[in-house]
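Dear colleague,

Please find below the structure that I am handing over to you. My notes on what was found in it follow directly after.

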Amino acid sequence: MFTGIIETMGHIKEITSSGTNKSYWIASDLSSSLAIDQSVSHDGVCLTVESAGEGVHKVTAVEETIHKTCLGKWQPGMYVNLERSLLPTSRLDGHLVQGHTDTTGTLKNLVDREGSFVMTFKFKKKYNELIIEKGSVSVNGVSLTAYKVTSNHFSVSIIPYTYQHTNLQYLQPGDQVNIEFDMVGKYILRKLSLDK
C-alpha cells in the first residue's frame, strides 16, 4: 500500500527480457537502502525488489503487468517515480494507492498557469464510474485531485514542487501514463452492483 507521495525519481539503466517478462535495473537515491522482497511503487506499479546495492536495484514485470501498464514502453534513460510502501505509523498525506494500475491514459493537454501546471488526461470510457469531481486519482503513482471530469477525460493541477520532483515534468501531449482510480470508490461500486 502506498500514499502517492513520491520520494524520488529513479533512472532506468538497463532493460532485459526473459520469455514474456522484462527486468529493469534502476538507479536512485533509495536503491542502496532497499531490501530484497520489498514492495516499491514504480510509476504507480507495485514491483518487488529482486536485488539492490551500489545505488541500483532490479525489479521484474510479468506479461500481465506489462500489458496493463506503460512498463512495456519504458526505455533506458527514462525516469520513473519511486515510493516505498506505507508504514503503519506513516502520515497519509496523499490517498490510499494500491500500486495496481487500472488502465493507461494519454496526456491530451498541458497548460502552464505560471504557478501551477494543468494536465488533462484521456482514459477509456468503461472506467468513467471510477472517477468523480474532486476525487483522488493516481497518475504515474502521484496522488492528485481530479476536476473537470467527463466520461473519458479529467484534469489535474500540479503544484511546482510536485512538477519538479516527479516525472510529470517530462510528459508531452500524446504520452501514456499509468492510472489507478480511488480504491474506496471501487469497493462502493462493487457493493452497489451486488445489491441490485
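I begin with a residue in the first helix: E64 has a relative accessible area of 46% and is therefore partly exposed. Its salt-bridge partner is K68, and the N to O distance between the two side chains is 3.2 Å. K68 is likewise described as partly exposed, at 42% relative accessibility. Both residues belong to helix α1, which covers residues 63-68, and because they are 4 residues apart there, about one helical turn separates them. Please bear in mind throughout that this is a predicted model.

Other salt bridges

How many salt bridges does the count give? The count comes to 4, and the pair of K68 and E64 is one of them.

Another joins D102 to K186, with a distance of 2.9 Å from N to O. D102 sits in the loop between β6 (79-84) and β7 (103-112), whereas K186 is part of helix α3 (residues 183-195), so this pair ties together parts that lie 84 residues apart in sequence. D102 counts as buried, since its relative accessibility is 18% and the cut-off for buried is under 20%.

A further salt bridge is formed by the side chains of K58 and E50, at 3.6 Å from N to O. K58 has a relative accessible area of 22%, which makes it partly exposed. E50 is also partly exposed, with a value of 37%.

As to charge in general, the chain carries 19 positive and 20 negative side chains. The centres of these two sets are 8 Å apart.

The chain as a whole

The chain contains 3 helices and 12 strands. Its radius of gyration is 16 Å, close to the 16 Å that the globule rule gives for 196 residues, so the chain is as compact as a globular protein of that length. The C-alpha trace spans about 50 × 45 × 40 Å along its principal axes.

Of the 196 residues in the chain, 42% are buried. The exposed surface of the chain is about 10,300 Å², and carbon and sulfur atoms supply 50% of it. Among contacts with a separation of 6 or more, 67% are between residues 24 or more positions apart.

The loop between β6 and β7

The loop that holds D102 also contains T101 and S90. Is T101 buried or exposed? T101 counts as buried, with a relative accessibility of 13%. Leaving out residues up to four places away in sequence, T101 touches G44, V45, K68, T69, N178, I179 and E180. One of these, K68, is the residue already described as the salt-bridge partner of E64.

S90, by contrast, is partly exposed, at a relative accessible area of 33%. In sequence S90 and T3 are 87 residues apart, while their C-alpha atoms are 9.4 Å apart in space.

G141 and its surroundings

G141 is placed in the loop between β9 (136-139) and β10 (142-145). Its relative accessible area is 2%, and G141 is therefore buried. Beyond its neighbours within four places in sequence, G141 is in contact with G4, I6, D43, G44 and E83. G44 also appears among the residues that T101 touches. The C-alpha atoms of G141 and T101 are separated by 9.0 Å, although the two residues are 40 positions apart along the chain.

Two backbone angles

Most residues other than glycine have a negative phi. Which residues have a positive phi without being glycine? D43, one of the contacts of G141, has a phi near 55°. D43 lies in the loop between β3 (39-42) and β4 (45-53) and counts as buried, at 5% relative accessibility.

E114 also has a positive phi, of about 55°, although it is not a glycine. E114 is found in the loop between β7 and β8 (117-122). Its setting contrasts with that of D43: E114 counts as exposed, at 77% relative accessibility, whereas D43 is buried.

With kind regards

Definitions and conventions. Residues numbered from 1 in each chain as written. Predicted model: local features only at pLDDT ≥ 70, side-chain atom pairs only at ≥ 80, totals over all residues. Heavy atoms only, no water. Helix = DSSP H or I, 4+ residues; strand = E, 2+ residues; numbered from the N terminus. Rg over C-alpha atoms; globule rule 2.2 N^0.38 Å. Buried < 20%, exposed > 50% of the residue type's maximum accessible area, 1.4 Å probe, protein only. Contact = heavy atoms within 4.5 Å. Areas by Shrake-Rupley, 256 points an atom, 1.4 Å probe, with all protein chains shown as cover. Lys, Arg positive; Asp, Glu negative; His and termini not counted. Charge placed at Lys NZ, Arg CZ, Asp CG, Glu CD.
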